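Please look over the sequence and the model below. A short report on some of its helices and strands follows.

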Amino acid sequence: MSEAVKTAFYDYHIQAGAKVVPFAGFCMPIQYSGITDEHQAVRTNVGMFDLSHMGEFEVQGPDALAFLQKTTTNNVADLKIGQIQYSCMTMNHGGIVDDLLVYRMGDTEYMLVVNASNIAKDFAWLKSHLSGNVTLVDKSPETSLLAVQGPNAEKVVTKITKHDLAGMPYYTWARADIGGANLLFSRTGYTGEDGFEVYIPPQHTDRLWKALMEAGSEFGMKLIGLGARDSLRLEMKMALYGNDIDDTTTPVEAGLSWIVNFDKEFIGTPVLVKQRDEKPTRRLVCLELEGKAFPRHGYPITDGKQTIGQVTSGTFSPTLQKPIAMGYVPRDLSKVGSEVTVAVRDKAFKAVVVKPPFYKHGTHK
C-alpha cells in the first residue's frame, strides 16, 4: 500500500497541534482543539478546513454537455456559467458511483469535484464512458482546497478580496483576487453553514493559508478537522459516500431523487424510473435516539424483534445534545414518527424517525 500523501498544509497542521491520521490516501487532520469545540465554532462563528484531498476533474470539448448528461443524474443543461450543481453518477443497476459537484466553467467547459476516496475509481469510470469530442483531465494532484465555513465566513473572506461576496448566491463560483492571487472559489460547503471553498494551485498555497489565518484571527476563527466536518454534515443529513451511499444504494432510496432528472437518459435511468414509480423497498431515514447512546456505523436497527437495517452514520450531536443517526429501514417504517430500536453495544435504545435535517438553523443561503 502506498504511503499517505501530505497536503500542502501538512506542516501547518502539525504546528497547530493537529491529530493527523491517514484518510483516503492522505495525511489529514482529524481534530485540533477537539471535535465538539471545533463543531461549535463552525455553527456559531467560523472555522477553516483543509480539503485538499478532494478530487477535481476538468471536462472540456464540444460534446462535454452530452457526456455529462449521460454520466450524471441531474440536468446539467440547467447550469449557467458561474453556477454549480449537486449531482451523482449511477451505474446500470442504479447504484451510486459517487456524489459530486458539477461547475459550469464556460460554454463547453466544466469542473467536477469528487470524493477523495473515489478519485481513481471515478476517473476510470468516466474515462470508460467517454464519447465524442471530450477531454477529461484529473487536476487533483495540483489543486489544494481550503474551506472557510460558519456564520462569519463572509466577514473573514471579505478582508482579503474586493469581490462582491454579499451579492454572490449559494452554489455559484467566481474568479477574483483573494489574498493577492487570482483564484477560483465558490460559495459552497458541507456543513450547513455559509461558507466558501477556495481552489489553490501549488505556488499560492502558503500565501492563502497565511492570508486566511490572518483575516480570521480578528474573528477567532479556528482550524477544523475532519471529525467535526463529519458531525456537522450529519446534522444536516448530508450523505457520506462509503457510509450512507455507495454502489449498493440508489439515489431514490437515499432520498436524493431531487438531484435526479428522470426526463433525460443517463446511465441507470430505467432502473431508477421503475424504482421511483413502484416505490423503493427501503429508505434512508434520520433517527433521534433516547438517552445518551453513541450510535456508530454498522450498529443494528431493529423493529424490536429482528434486525431491519443498520446505522450508516451516527454520533452524539454537539448542537442538539442528543444521539442522532441515519440508516436504511423498510419503507413502512420510514415515515416521520415511526419508532425503531438501535442496538448500541449490548443495549437497545428507542429511536424515532424525524424530518431531515436534524439541525434546521444553518446559515447557508
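## Helix H8 and its two sides

Pro270, Asp277 and Glu278 are exposed, on the other side of H8 from its buried residues. Here exposed means over 50% relative accessible area, buried means under 20%, and partly exposed lies in between (1.4 Å probe, protein chains only). This is a predicted model: local features need pLDDT of at least 70, side-chain atom pairs count only at pLDDT 80 or more, and totals for chains, interfaces and linings use all residues. Residues are numbered from 1 along each chain as its sequence is written, and side-chain values use heavy atoms, with hydrogens and water left out.

H8 covers residues 269–278, and its buried residues are Thr269, Leu272 and Gln275. Seen down the axis of H8, these buried residues fall within an arc of 135°, so they line one face of the helix. The arc is that of the directions from the helix axis to the C-beta atoms. Helices (H or I, at least four residues) and strands (E, at least two) are DSSP runs, numbered from the N terminus.

What do the buried residues of H8 pack against? They pack against strand E6 (84–90). Contact means heavy atoms within 4.5 Å. After H8 comes Lys279, with a positive phi near 75°.

## Strand pairs

Strands of a sheet pair through backbone hydrogen bonds, either parallel or antiparallel. Two strands count as paired if DSSP finds at least two bridges between them. Three antiparallel pairs are listed here.

| Strands | Bridges | Bridge partners |
|---|---|---|
| E4 (residues 47–50) and E10 (residues 144–149) | four | Asp50 and Leu146 |
| E5 (residues 55–60) and E8 | six | Gln60 and Glu109 |
| E7 (residues 96–106) and E8 | five | Val102 and Leu112 |

E8 spans residues 109–114 and is mostly covered: five of its six residues are buried. E7 and E8 form a hairpin, with two residues between them.

## The six-stranded sheet

E4 and E10 also belong to an open sheet of six strands. Its order is E11-E12-E13-E10-E4-E14, with mixed pairing. Which strands lie at the edges? Strand E11 (173–178) and strand E14 (222–224) do, and each pairs on one side only. From one strand to the next, the twist averages 30°.

Helix H6 (residues 205–217) lies across E4, E10, E11, strand E12 (181–186), strand E13 (195–200) and E14. H6 runs at about 10° to E10. Axes are lines fitted to C-alpha atoms, for helices over the stretch in contact, and angles run from 0 to 180 degrees between N-to-C directions.
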